[in-house]
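Q: I would like to talk through this model with you. Shall we begin with the terms and then go through the elements in turn?

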Amino acid sequence: MEEKQEVAVVVINMKNYLTLLVLFLTILAYSQNSSTYTKRVLETAEVDFLMSYYSQEGDHASVTGGIGNEKLTDITPTFIVAIPLNANDVLTVDAGISAYSSASSSNLNPFDSSGASNGEDDDDEDDDKAPNPNAVSGSPWVESSGASAQDVWGAINLSYSHSSEDRNNIVSANVGFATEYDYTSIGFGGGYTRLFNEKNSEVGIKAQVYLDTWSPKYPTELDSYQEANQNLNNGFFEDVDILNQEGEIIDKNGPNVWSPFNNTLIKDKARNSYSVSFSFSQILTKTTQFSLFFDFVQQSGWLANPMQRVYFSDRDNYYIGNAESIPVYTSKDNTDVFQLADDIERLPDTRFKIPVGVRLNQYINENIAIRTYYRYYTDDWGMKSHTASIELPIKFSLGKFTLYPNYRFYNQTASDYFAPFESHLSSSDYYTSDYDLSKFNSHQYGLGFKYTDIFAKVKVFKFGLKSFDLRYSYYDRSDGLQASIVSAGVKFVMD
Amino acid sequence: MIKKIIICLVLVATFSSCLTVKEYEKVNINDPDMKLSALKIKKFETNFQVYREGASGANGGKTGGGCGCN
């Protein structure tokens with residue numbers, strides 16, 4: 001009986017030892033695992049489908065020299081795919097198109113709607129002849145029907161990032177291509193980010209280069225004039241009556257005739273941009289953090305837009321269309337007369353920009369945060385600007401739904417080279433009537449909505465729906481331009 | 001401008017010596033709405049602003065280039 005008891009005690013002790021050994025090994029294995037385990041930068045592939053619809057109305061079309069219909073609509077389907085290549089590397093593909101229709105751009109050839117293109121070869125080329133020259137008319141207030149009325153901009157951008165094992169160093173590189181009717185762009189860049197102070201502080205530097213090229217499209221009368229060997233009895237102008245300010249038909253062989261101020265159109269098709277961006281982020285408290293951004297941007301090449309007309313106050317005015325509408329040319333009552341351009345917009349071939357931005361985010365409680373942003377901007381074209389915005393994410397249902405009421409204020413001084421319609425002097429070296437470079441301020445009011453499902457329960461093939469975003473903003477510019485934009489996005493994660 | 005940049009750098013150095021928030025204390029800072037970058041859904045708004053305004057940059061969006069914009 002005693003032997004049996006001894007054996008039992010030995011067995012129990014062995015069991016204890018074994019238990020202790022297993023426990024020790026488990027702790028050892030766990031401690032080894034936890035010392036080497038590194039969270040993946042991106043756990044699984046993510047796909048974002050984004051889309052926006054933008055529309056604007058305004059009376060300062062730049063293609064027609066600062067007056068005219070600038071109605072524009074734009075749809076932009078886009079997708080962004082982020083793929084984890086391994087625990088440290090992520091490849092992101094961002095591709096999208098932007099399909100727009102623009103009243104301002106349509107008036108690159110304002111005479112299309114009157115049949116100047118003969119109703120067949122409606123391509124904005126200047127080989128067109130009017131079938132009924134006396135019926136040729138156009139107006140900055142009336143949308144034309146030529147090819148330039150709509151366009152599709154397409155872009156693809158690939159970016160790659162590599163994070164160090166300790167996640168304190170991130171190296172990134174990107175390359176992209178974009179194309180549209182009159183413009184192509186090749187872009188590439190790289191960046192480095194360093195985190196320190198237990199990831200409370202972050203500094204970053206990024207360099208970006210865009211090598212862009214114009215395929216210039218010109219106002220039809222300027223292009224036609226060169227094509228007709230500067231002869232108003234040739235090409236498009238043959239048989240078309242040109243009117244003076246009094247509405248009288250001019251003698252095309254006389255001394256007072258319309259001619260462009262410059263017979264040289266675009267000189268340099270290149271338009272390159274080089275930027276260096278610095279950033280610094282800091283966690284200030286458990287609920288507050290901010291970041292600071294500096295960009296230094298140097299642009300060179302043809303920085304003006306060759307589509308945009310300019311009219312000088314010190315040169316005689318000439319028109320095509322209905323003489324009776326000349327007195328009301330700048331009002332919307334004018335539907336059938338068009339003033340021939342003096343020149344295209346001309347701007348310096350370099351521009352240096354310095355924007356400085358700061359973002360400060362404050363977590364109030366589990367339901368509300370405050371996101372604020374301010375930017376000061378200056379450039380060597382004489383423009384200065386302030387931007388301030390605030391957004392209040394408000395969470396409901398334990399963060400499942402979030403509302404984003406937001407407001408943005410923007411103002412800018414005019415560029416040194418801006419003047420309104422018929423206000424420039426031909427003695428100036430540079431001139432534009434593009435109201436995007438005028439003095440104005442703007443207010444933007446918006447509301448966003450987000451649905452988040454952290455478990456991504458709704459499935460589409462192998463992807464789970466992670467979030468859905470919907471956002472509306474209304475933009476009101478002090479020169480009368482008004483715009484609305486609706487954006488929507490869904491995010492899927494791979495199972 | 002150089003002076004302003006130097007002042008900013010001094011401020012940056014000052015902030016970086018603030019108290020350190022430990023990883024386990026960052027639950028609020030790590031909230032997705034606390035991200036120090038623009039929200040992805042705002043990319044279209046930033047895009048139209050680059051076209052309709054003379055200023056750009058310092059917001060993670062375009063600084064000029066890549067489009068016939070300002």
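A: A term first: a residue is buried if 20 or more other C-beta atoms lie within 10 Å of its own. Please note also that this is a predicted model.

Q: Fine. Which residues of α3(A) are buried, then?
A: They are Thr220(A), Glu221(A), Leu222(A), Asp223(A), Ser224(A) and Tyr225(A).

Q: And why is helix α3 of chain A described as largely enclosed?
A: The helix spans residues 220-227, and 6 of its 8 residues are buried, so it is largely enclosed by the rest of the structure.

Q: What covers those buried residues of α3(A)?
A: The cover includes β14 of chain A, residues 343-344.

Q: What phi does Asn229(A) take, just after α3(A)?
A: Asn229(A) has a positive phi of about 55°.

Q: Let us turn to the nonpolar core. Which residues of the largest one touch the most other members?
A: Val310(A), Tyr319(A), Ile320(A) and Leu340(A) do, in a core of 46 residues. At least two residues of this core come from each of α3, β12 (319-321) and β13 (337-339) of chain A.

Q: What does Leu340(A) touch, leaving out residues up to four places away in sequence?
A: On that basis, Leu340(A) touches Glu221(A), Trp258(A), Tyr318(A), Tyr319(A) and Ile320(A). Glu221(A) is also one of the buried residues of α3(A). Apart from the largest core lies another, of 7 residues, among them Tyr54(A), Tyr475(A), Ile485(A) and Phe48(B).

Q: Phe48(B) is in chain B; where does that residue sit?
A: Phe48(B) is a buried residue of α2(B), as are Lys43(B), Phe44(B), Glu45(B), Asn47(B), Gln49(B), Val50(B) and Arg52(B). Helix α2 of chain B covers residues 43-52, and 8 of its 10 residues are buried, so it is largely enclosed by the rest of the structure.

Q: Which strands do the buried residues of α2(B) pack against?
A: They pack against three elements of chain A: β1 (46-57), β22 (463-477) and β23 (482-494).

Q: How many helices and strands does chain B have?
A: Chain B has 2 helices and 0 strands. Of its 70 residues, 41% count as buried.

Q: How many residues does each chain bring to the contact?
A: Chain A gives 65 residues and chain B gives 37. The chain A side divides into 24 nonpolar, 28 polar and 13 charged residues.

Q: Back to chain A. How do β6(A) and β7(A) run, and how many bridges join them?
A: Strands β6 (residues 169-180) and β7 (residues 183-196) of chain A run antiparallel, joined by 12 bridges. They form a hairpin with 2 residues between them. Within this pair, Ala173(A) stands opposite Gly190(A) of β7(A).

Q: How many bridges join β7(A) to β8(A)?
A: There are 14 bridges between β7(A) and β8(A), residues 201-214, and the two strands run antiparallel. This hairpin has 4 residues between its strands, and Asn197(A) in the turn has a positive phi of about 60°. Ser185(A) has Asp212(A) in β8(A) as its bridge partner.

Q: One more residue: where does Lys206(A) lie?
A: Lys206(A) lies in strand β8 of chain A. Lys206(A) counts as partly exposed because it has 19 C-beta neighbours inside 10 Å, whereas a buried residue has 20 or more.

Q: What does Lys206(A) touch, residues up to four places away in sequence aside?
A: Lys206(A) touches Gly189(A), Gly191(A) and Ser277(A). Asp349(A) is 143 residues from Lys206(A) in sequence and 24 Å from it in space, C-alpha to C-alpha.

Definitions and conventions. Residues numbered from 1 in each chain as written. Chains lettered and ligands numbered in written order. Predicted model: local features only at pLDDT ≥ 70, side-chain atom pairs only at ≥ 80, totals over all residues. Buried ≥ 20, exposed ≤ 12 C-beta atoms within 10 Å, placed from the backbone. Contact = placed C-beta atoms within 7 Å. Pairing = 2+ DSSP bridges. Nonpolar A, V, L, I, M, F, W, Y, C, P; charged D, E, K, R; others polar. Core = buried A, V, L, I, M, F, W, Y, C linked by C-beta atoms within 7 Å.
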